[in-house]
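Here is a quick briefing to read with the model open in your viewer. The notes come after the structure, grouped by topic.

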Amino acid sequence: LALALSRPRGEDNIISEEEAAQYDRQIRLWGLDAQKRLRGSRVLLVGLRGLGAEVAKNLILAGVKGLTLLDHEQVTEESRRAQFLIPVDADGQNQAQASLERAQLLNPMVEVKVDTDAVESKLDDFFFRFDAVCLTRCSKDLMVRVDQLCASRNIKVFCGDVYGYHGYMFSDLGQEHHYVEEKPKVVKGSNEANDGPEAKKRKVDPNETTMVKKTISFCSLKEALEVDWTNEKAKSSLKRTPADYFLLQVLLKFRTDKGRDPQPDSFAEDSQLLLQIRDDVLETMGLSSELLPNTFVSYCFSEMAPVCAVVGGVLGQEIVKALSQRDAPHRNFFFFDGLKGSGVVDYFGSK
Amino acid sequence: TEVPTMAQLVGPLRKELADSLFSCRVLVVGAGGIGCELLKNLVLTGFKNIEVIDLDTIDVSNLNRQFLFQKKHVGKSKAQVAKESVLRFCPSANITAYHDSIMNPDYNVEFFRNFQLVMNALDNRAARNHVNRMCLAADIPLIESGTAGYLGQVTVIKKGQTECYECQPKPTQKTFPGCTIRNTPSEPIHCIVWAKYLFNQLFGEEDADQEVSPDTADPEAAWNPADAAARATASDQDGDIKRVSTKEWARSTGYDPVKLFNKLFKDDIMYLLTMDKLWKKRKAPLPLDWTEIQQIESSQEEACGTGLKDQQVLGVQGYTQLFRRSVETLRSQLIEKGEGAELVWDKDDPPAMDFVTAAANLRMNVFSMNMKSRFDVKSMAGNIIPAIATTNAVIAGLIVLEALKILNSDFDQCRTVSLRSQSNLMCTRPLYVQIEDGKGTILISSEEGETEANNNKFLSDFGIRNGSRLQADDFLQDYTLLVNVIHSEELEKDVEFEVVGDAPDKAPAPSAPEEGKNIANGNKDSAQPSTSSKAAAEDDDVLIIDSDEEPSSSTMEASPESSNRKRKHHDADDAASKRKRLDQQPADDDEDIIALD
């Protein structure tokens, strides 16, 4: 454990005055050590639509060392929805390229780069140069492949998407993710100088805290998506399972089959297909179609900007936590339903 | 299979909703952490007519989260720059920006009636109260929100449908009794408050409620009334503690740092020692002597190594030198300003901050407390609330989602949403404990106020006896717990109850704390404190939200008429209230608070 937390990845260990001033309010929250680890981290972000733009903003503001924006698609009117980094006159340009200027201006201290290749075309070692990888708008197969590739090398893997009013994020921080939590110090009570000269002993000293080291393990994306619902234990937990998990399965299948997400201008045919896929997917899992009522099709097209903000905020913070090795990470899904305004963290996969 | 028919979509929205967004007018109060995120969300969602107001200017410490601002904008109006930045990615938006205070009487009820919706993105109680009242008067829905650290909350306020912002009493500012500040500090915050008072007494506006000298009228000090009288007389003769104001005295010495030091940290302390009753159960303070300190081998100030310079904790010699340097600098500032000049304390003014750091630490040392770094003192003295982009992003997203429900007139869908630790977004829905007697009598409810009347009753008042059964329902988890009540004569002394039996079956638990899944009904146990919640009132369930940060030099000037208020209690953030009040406020308004979990 001591080894895993020993050195921040930063090349130089000194925080400049400029950084101290700019990051003051967050250093006061997560501490200088966490900030240094962020400062030494390189992140790959795939997909620069609404959710991607939010994650990019959050990571750049947090002060990572470098962020690579990867996207092979071109800007369209639809893709500019919920995307505040792309200028209005950039239709036809590459999405990542068009986002670069504004992204860089968010924080000149971060190295923001662009890659216009399709992520499917990237070889394994491309991913190894990063400390964390965040995949949006990717096919299930690609996400499974990258997850398998990275998790074993202690590269943190994150996936996320926004479909209309719904969104999710997933994380795989590997078999052994080490982190610290700050807890109030339990003071035994002594006569030594402490934060108060009272004769009475105080159990918990409100002014002193201590760092507690912890370890947690994650399962792969493949395992998380291939839960066996036919056994009794899984069946009994169905009542408490968010419908969003099944919605995700449906949308990932749509993406695989059609090579794109549901589009507003093909609403009629896409919604038919979604219902069909819903039936197929749930049947394959041995589950009832009632788990995902028909109404879902009305609310999973395009990206809702506020939903991108919520999911992007949670996802961004999870990446910050994982890179800084501070505070308990979510394990392993976060689902957000923008219609209800409810968000839950839930676990799927092997124990 | 039947497809639900829908009018055409405009992106993710039904066309009717998209159209109503196009025509409605909304007001955003505040263009800071929440405000920037909110403006972005509003225009991207399709709101066209937006007005934004903020009295503040941009500071470098804003740039880690207020993403509409860049370094080159420091010093400029937040509202103005926010508007310009938003227009760059949404040129068709119709935005009006006001660099002004919302409490300015120009923004009257008629002004508020122009809008279909008002959204607060504020950081102080006074403005929130004000907007709350204006919205009630104008009968306009208001979305209230706040963040601090990792936590946040969104609430909808609509006259006649929900309670208003002021309906629930809010925790008040933590205050300290005068004698604690002047005679018997026991925590660093007491010393810091003392140091801020000292600053005002020496360099700023003197306030009778901000005395720093020993308090001879301390009820704890008197062995008997005759003694107290004797003390009071003695003090008049002893060093003119009462007769001459601190400032006059300091002036008479030419603001000599050595004389100041010896009075504050030696003479006054020795005086306190004569009040021996105070020290019967407390560790007595240890006076410092300037000459002695100079003679101690001064340890080289260590290279700050890999830490922030400000996070170093110096020794007594270090803080003594800092005391001297800052007094000399402040003295020069006074001289420069001329006759009758007064300085205003500002956490971002280095000598002012140095002075408080030094004076507070010297006092901490006198009273045997561990000294604090400038970084930590600044947090406490300046009421700094740690803040990050992501929390604000989430909360601002939730605000817009509530806004859409309001525009759809779906008020019954509106929820108070809390962002708690582990990102569980808890919509407040009830948690009940009721007797399993089929009558539905609810004993304990998580809905505020619903079962207050039961708090002091006995179980037997409800007919509960040995063998009765209680049912606890958690609707969000769809989870029910049955509790059998069994009477026992054999509990340990002072133990009122004991829980026995097998742990109930839970949903598959992640190894992250299970508490994230509970409905956080204000249950203190379920929220992990943010790491900097050191100023929190201990029993506080209430979330966050008011910062009232001490002003930096970049904010607008406080209006002069706010400066003569007298108050009984010693509040940690006295000066900040002066900044925020740009018009007359009644003298007994509640102070803004920091309420953290």
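Helices (H or I, at least four residues) and strands (E, at least two) are DSSP runs, numbered from the N terminus. This is a predicted model, so local features need pLDDT of at least 70, side-chain atom pairs count only at pLDDT 80 or more, and totals for chains, interfaces and linings use all residues. Residues are numbered from 1 along each chain as its sequence is written, chains are lettered from A and ligands numbered from 1 in the order in which they are written, and side-chain values use heavy atoms, with hydrogens and water left out.

**Chain B overall**

- Chain B holds 16 helices and 16 strands.
- Out of its 597 residues, 55% are buried, where buried means under 20% relative accessible area, exposed over 50%, and partly exposed in between (1.4 Å probe, protein chains only).
- Take the contacts in chain B between residues at least 6 apart in sequence: 67% of them join residues at least 24 apart, a contact being heavy atoms within 4.5 Å.
- About 26700 Å² of chain B is exposed, and carbon and sulfur atoms supply 48% of that; accessible areas come from the Shrake-Rupley method with a 1.4 Å probe, and for residues only the protein chains shown count as cover.

**Helix H5 of chain B**

- H5(B) runs over residues 125–138, which makes 14 residues, and its first and last C-alpha atoms are 20 Å apart, close to the 20 Å expected at 1.5 Å a residue. That expected span is 1.5 Å times one less than the number of residues.
- The helix is mostly covered, with 10 of its 14 residues buried; among them are B:Arg125, B:Arg128, B:Asn129, B:Val131 and B:Met134.
- Cover for those buried residues includes strands E3 (25–29), E6 (117–120), E7 (142–148) and E8 (151–157), along with helix H4 (109–113), of chain B.
- At the start of H5(B), a side-chain oxygen of B:Asn124 comes within 3.3 Å of the backbone nitrogen of B:Ala126.
- Right after the helix comes B:Asp139, in the loop between H5 and E7 of chain B. Its phi is positive, about 55°, although B:Asp139 is not a glycine.
- B:Asp139 counts as partly exposed because its relative accessible area is 38%.

**Helix H3 of chain A**

- H3(A) covers residues 50–62, and its end C-alpha atoms are 19 Å apart, which agrees with the 18 Å that 13 residues should span at 1.5 Å a residue.
- Buried residues make up 13 of the 13 in H3(A).
- A:Gly63 comes just after H3(A), with a positive phi of about 95°.

**Backbone oddities**

- As background, most residues other than glycine have a negative phi, and most peptide bonds are trans.
- B:Asn383 has a positive phi near 50° without being a glycine. You'll find B:Asn383 in the loop between helix H14 (374–381) and helix H15 (389–407) of chain B, and it is buried because its relative accessibility is 4%.
- The peptide bond from A:Arg331 to A:Asn332 is cis, with omega near -10°. A:Asn332 sits in the loop between helix H12 (305–324) and strand E9 (333–337) of chain A.

**Single residues in chain B**

- B:Asn361 belongs to helix H13 (residues 350–366) of chain B and is buried, at 0% relative accessibility.
- Leaving out residues up to four places away in sequence, B:Asn361 touches B:Tyr319, B:Met371, B:Lys372 and B:Val377.
- B:Cys167 lies in the loop between E8 and strand E9 (175–176) of chain B, and is partly exposed at 45% relative accessible area.

Note on methods. Polar contact = N/O pair within 3.5 Å; in protein donor to acceptor, adjacent residues only side chain to side chain.
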